[in-house]
Amino acid sequence: MDALRKQASKFREQVAKQQQAVIKQFSATGYESSDVMVIDEMEMQLHHQLDKLYKSTREKRDFQKEIVKAAETFTAIGYKHIEAGTKLSEDCCKYGVENPNDEVLAKAASLYGDARKHAEKEVEDLNNLFFSQVLEPLRAMVAGSPLEDARHLAQRYSKMRQEAEIQATEVSRRQARVREAPIPENVAKLHSAEARMQELKANMAVLGKEAAAALAAVESQQERLTFQRLVAMVEAEKLYHERVAVILGNIEAEIVSEKQRKEAAPPAATLPVNPPAQIPEKTKYFLAEAIHSFEAESEKELSLSVGDYVVVRKVTQSGWSEGECQGKAGWFPSEYVEKRQRVPTSNGATEVY
């Protein structure tokens, strides 16, 4: 009968060990959660603290991985953006050089091509910031030894706790055996089981505190570093968009200004080769005052300053007028002057034209 009991006892121990091994193998977190009180209430609180810290550090690590994945995607898209933008810049500049007769579009293409180069440089700078300020720090922490070491300590504590749970069952079984048969052999085995339990208890107390402190330190570092990297991403993207907005704003102003200047310029055929030597008596002319400054770009044009009085001798439908100011004759935009009936003379009186 005693032989059968011993065999049954060994069988139960083997089954218990196999169950614990299976639980450890298929544990979802690597740290086995349990509501069973193995030693006392204080140990139970430490166990719950470790379980919470283990899960929290895992969640923060996974969040860091998601940020890394997004930043890698952004940089990959950025490099494709640079490739496409550089090709477009080259094509625009090439069109501007090869089509000088198409003044408005060729000039706009050249301006845009040059601006596109600067815009792609900003994309490259953004990629570099993502790599140095986001990807590298987060990758280092995700794969860093502090996190792995702290989690390894928690896993060791979990394994030791499972062993203590089994040992507590063994102590209870030995106590029951002594009550049934208080022979020296059973008493010795009980003392041995209790001594092992005390050893596990002492080791768990030390290891548990060490694991909790390590995980808490890692969690704090995770929170601080992740927050800093998110702020760095926001600042990098903000700076990128501000600089690109300035580049695009400047190029838009240049293109529109160039287009307006070209559209306002008189056709070459409408400009006389030489200004008239004299004004025919029957030609009607009038006095006008310049309300906008105009800078002549050729010998055929007449520079004006605000307030200048001009004798207008000819007005064309193209938006240009020909006249004389301060002894010089030439063409200027009609809308840059306003017609006047009188002009002040040197003695303060007014003279009618």
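This passage describes the fold of one protein chain in a predicted model, beginning with the chain as a whole and proceeding to its helices and its sheet.

The chain contains five helices and seven strands. Along the sequence, these elements follow the pattern α-α-α-α-α-β-β-β-β-β-β-β. Of its 353 residues, 33% count as buried. The surface exposed by the chain amounts to about 22,300 Å², and carbon and sulfur atoms supply 55% of this area. Contacts between distant parts of the sequence were also examined. Among contacts between residues at least 6 apart in sequence, 65% join residues at least 24 apart.

Among the helices, α2 comprises residues 41-98 and α4 comprises residues 145-180. The axes of α2 and α4 come within 11 Å and cross at roughly 145°, and this crossing is left-handed. By class, the contact of α2 with α4 has seven nonpolar, three polar and six charged residues. On the side of α2, the participating residues are Glu 43, Met 44, Leu 46, His 47, Leu 50, Tyr 54, Thr 57, Arg 58 and Arg 61. Their counterparts in α4 are Leu 147, Glu 148, Arg 151, Ala 154, Gln 155, Tyr 157 and Arg 161.

Two residues of α2 were considered individually. Arg 61, which lies in this helix, has a relative accessibility of 15%. Arg 61 therefore counts as buried, since the cut-off for this class is under 20%. When its neighbours within four places in sequence are left aside, Arg 61 is in contact with Val 142, Leu 147, Glu 148, Arg 151 and Gln 222. Of these partners, Leu 147, Glu 148 and Arg 151 belong to the α4 side of the helix contact. Ser 89 is likewise found in α2, and its relative accessible area of 2% places it in the buried class. Leaving aside neighbours within four places in sequence, Ser 89 is in contact with Gly 113, Arg 116 and Lys 117.

Five strands form an open sheet in the order β4-β3-β2-β1-β5, with antiparallel pairing. Strands β4 and β5 stand at the edges. Each of these two has a single partner strand, so one side of each is left without a neighbour in the sheet. On average, and with direction ignored, neighbouring strands of this sheet are turned by 45° against each other. At one end of the order, β1 (residues 286-290) pairs with β5 in the antiparallel sense over four bridges. Within this pairing, Leu 287 has Arg 340 in β5 as its bridge partner.

Strand β3, spanning residues 320-325, is mostly covered, as five of its six residues are buried. Strand β2 (residues 309-315) pairs with β3 in the antiparallel sense over four bridges, and Val 315 has Ser 321 in β3 as its bridge partner. These two strands form a hairpin with four residues between them. In the turn of this hairpin, Gly 319 has a positive phi of about 95°.

On its other side, β3 pairs with β4 (residues 328-333), again in the antiparallel sense, over six bridges. Here Cys 325 stands opposite Lys 328 in β4. The hairpin of β3 and β4 has two residues between the strands. Gln 326 is found in the loop between β3 and β4 and has a positive phi of about 55° although it is not a glycine. Most residues other than glycine have a negative phi. With a relative accessibility of 69%, Gln 326 counts as exposed, because the cut-off for that class is over 50%.

In summary, the predicted model combines a left-handed crossing of α2 and α4 with an open sheet of five strands. Within that sheet, β3 forms hairpins with β2 and with β4.

Definitions and conventions. Residues numbered from 1 in each chain as written. Predicted model: local features only at pLDDT ≥ 70, side-chain atom pairs only at ≥ 80, totals over all residues. Heavy atoms only, no water. Buried < 20%, exposed > 50% of the residue type's maximum accessible area, 1.4 Å probe, protein only. Contact = heavy atoms within 4.5 Å. Pairing = 2+ DSSP bridges. Axes fitted to C-alpha atoms, helices over the stretch in contact; angles between N-to-C directions. Left-handed = near helix turned anticlockwise from the far one by under 90°. Nonpolar A, V, L, I, M, F, W, Y, C, P; charged D, E, K, R; others polar. Areas by Shrake-Rupley, 256 points an atom, 1.4 Å probe, with all protein chains shown as cover.
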